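Please open the model in a viewer and keep the selection panel at hand. The tour proceeds by selections, each followed by a description of what is found there.

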Amino acid sequence: MELQQLYDQTSVQMEKAVEFCKSQFAKVRTGRASASLVDNVRADYYGSPTPISQMSTVTAPDARTIIIQPYDRSTLHTIEKAIQSADLGFNPQNDGNVIRIPVPPLTEERRKEFVKVCKKYSEESKIAIRNIRRDEIEVLRKAEKDKQCTEDDKKSGEEKIQKITDEHIKLIDEALSRKEKELMED
């Protein structure tokens, strides 16, 4: 059994959990305008639901406005409806050329709700990482049982996997801390 390969595989799987957690955090709005706030919104484009970012240019020229400029002006109304029905708490304004979305500042209560949502995402990711750790340690135990590695190899392998686990959980905690700080500042 190649231990380094096991460690690398463990690290790659845990890295995916960290990246997924960070992508979930990016979807939580902070009160600042960002093109990523409408990433998940899909509008009907010739019969198929299409992400707005594929139908238009989405920019955030300042901290309080998102501007959506469709490639095809005939889709303005469709995009506007999609944003309203996405229930993001935005009120898009269509001027015939572009859609402007004023991003209202968050209330203290809303900020705290978003922090709770982020904590839930981080906990789900930590659980995924701990499950990966459990599975990989099980691989080590089975390898020792099948005489593919020694008891010392298994012990040092378990310690190394725990160290990898701790590193990735720390990354999630740091990302959560940054997101909380971002959410709670005005």
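The stops below cover a sheet, two helix packings and a set of salt bridges. The coordinates belong to a predicted model.

**The sheet**

Begin by selecting residues 56–62, strand E3, together with residues 65–70, strand E4. These two strands pair in the antiparallel sense over five bridges. A hairpin of two residues makes the connection from E3 to E4. To follow the pairing, display Ser56, which stands opposite Pro70 in E4, and then Asp62, which stands opposite Thr65 in E4.

Next, add residues 99–102, strand E6, to the selection. E4 and E6 run antiparallel and are joined by four bridges. Keep Thr65 displayed and look across to E6, where the bridge partner of Thr65 is Pro102. Thr65 can thus be viewed with Asp62 opposite it and with Pro102 as its partner in E6.

Which order do the four strands of the open sheet take? The order is E3-E4-E6-E5, with antiparallel pairing. Select residues 93–94 to bring in strand E5. E3 and E5 stand at the edges, and each has a single partner strand, so one side of each is left without a neighbour in the sheet.

Is E4 mostly covered or mostly uncovered? Colouring E4 by accessibility should show a strand that is mostly covered, as five of its six residues are buried. When orienting side chains along a strand, recall that in a regular strand they alternate between the two faces of the sheet.

**Helix H1 against helix H4**

Now select residues 3–27, helix H1, and residues 108–145, helix H4. Two packed helices are described by the angle between their axes and the distance between the axes. For H1 and H4 the angle is about 170° and the axes are 9 Å apart. That angle makes H1 roughly antiparallel to H4.

The contact residues divide into 14 nonpolar, six polar and two charged. On the H1 side, display residues including Leu3, Leu6, Met14, Val18 and Phe25. On the H4 side, those to display include Cys118, Tyr121, Ile129, Ile132 and Leu140. Arg133 and Glu136 of H4 also belong to this contact.

**Helix H4 against helix H5**

Keep H4 and replace H1 with residues 151–184, helix H5. The axes of H4 and H5 come within 10 Å and cross at roughly 170°. The two helices are therefore roughly antiparallel to each other. Here the contact residues divide into twelve nonpolar, six polar and 16 charged.

Select Lys126, which has its place in H4. Is Lys126 buried or exposed? Lys126 is buried because its relative accessible area is 13%, under the 20% limit for that class. Beyond its neighbours within four places in sequence, Lys126 is in contact with Ile169, Ile172 and Asp173.

**Salt bridges**

Side chains of opposite charge can pair when their charged atoms come close. How many salt bridges does the structure hold? It holds twelve, and three of them make convenient selections.

- Select Arg134 and Asp135, whose side chains meet in a salt bridge with an N to O distance of 3.2 Å. Asp135 counts as partly exposed, at 40% relative accessibility.
- Select Lys142 and Asp146, whose side chains meet in a salt bridge with an N to O distance of 2.8 Å. Lys142 is exposed, with a relative accessible area of 52%, whereas Asp146 counts as partly exposed at 40% relative accessibility.
- Select Glu144 and Lys154, which form a salt bridge whose closest N and O atoms are 3.7 Å apart. Glu144 lies in H4 and Lys154 in H5, so the pair ties together parts that are ten residues apart in sequence. Glu144 is partly exposed, with a relative accessible area of 22%, while Lys154 is buried at 13%.

For the final view, extend the last selection with Arg141 and Glu158. Salt bridges that share partners join Arg141, Glu144, Lys154 and Glu158 into one network.

Terms used: Residues are numbered from 1 along each chain as its sequence is written. This is a predicted model: local features need pLDDT of at least 70, side-chain atom pairs count only at pLDDT 80 or more; totals for chains, interfaces and linings use all residues. Side-chain values use heavy atoms; hydrogens and water are left out. Two strands pair if DSSP finds at least two bridges between them. Buried means under 20% relative accessible area, exposed over 50%, partly exposed in between (1.4 Å probe, protein chains only). Contact means heavy atoms within 4.5 Å. Axes are lines fitted to C-alpha atoms, for helices over the stretch in contact, and angles run from 0 to 180 degrees between N-to-C directions. Angles under 35 degrees count as roughly parallel, over 145 as roughly antiparallel, 65 to 115 as roughly perpendicular and the rest as oblique. Ala, Val, Leu, Ile, Met, Phe, Trp, Tyr, Cys and Pro count as nonpolar, Asp, Glu, Lys and Arg as charged, and the others, Gly among them, as polar. A salt bridge is a side-chain nitrogen of Lys or Arg within 4 Å of a carboxyl oxygen of Asp or Glu.
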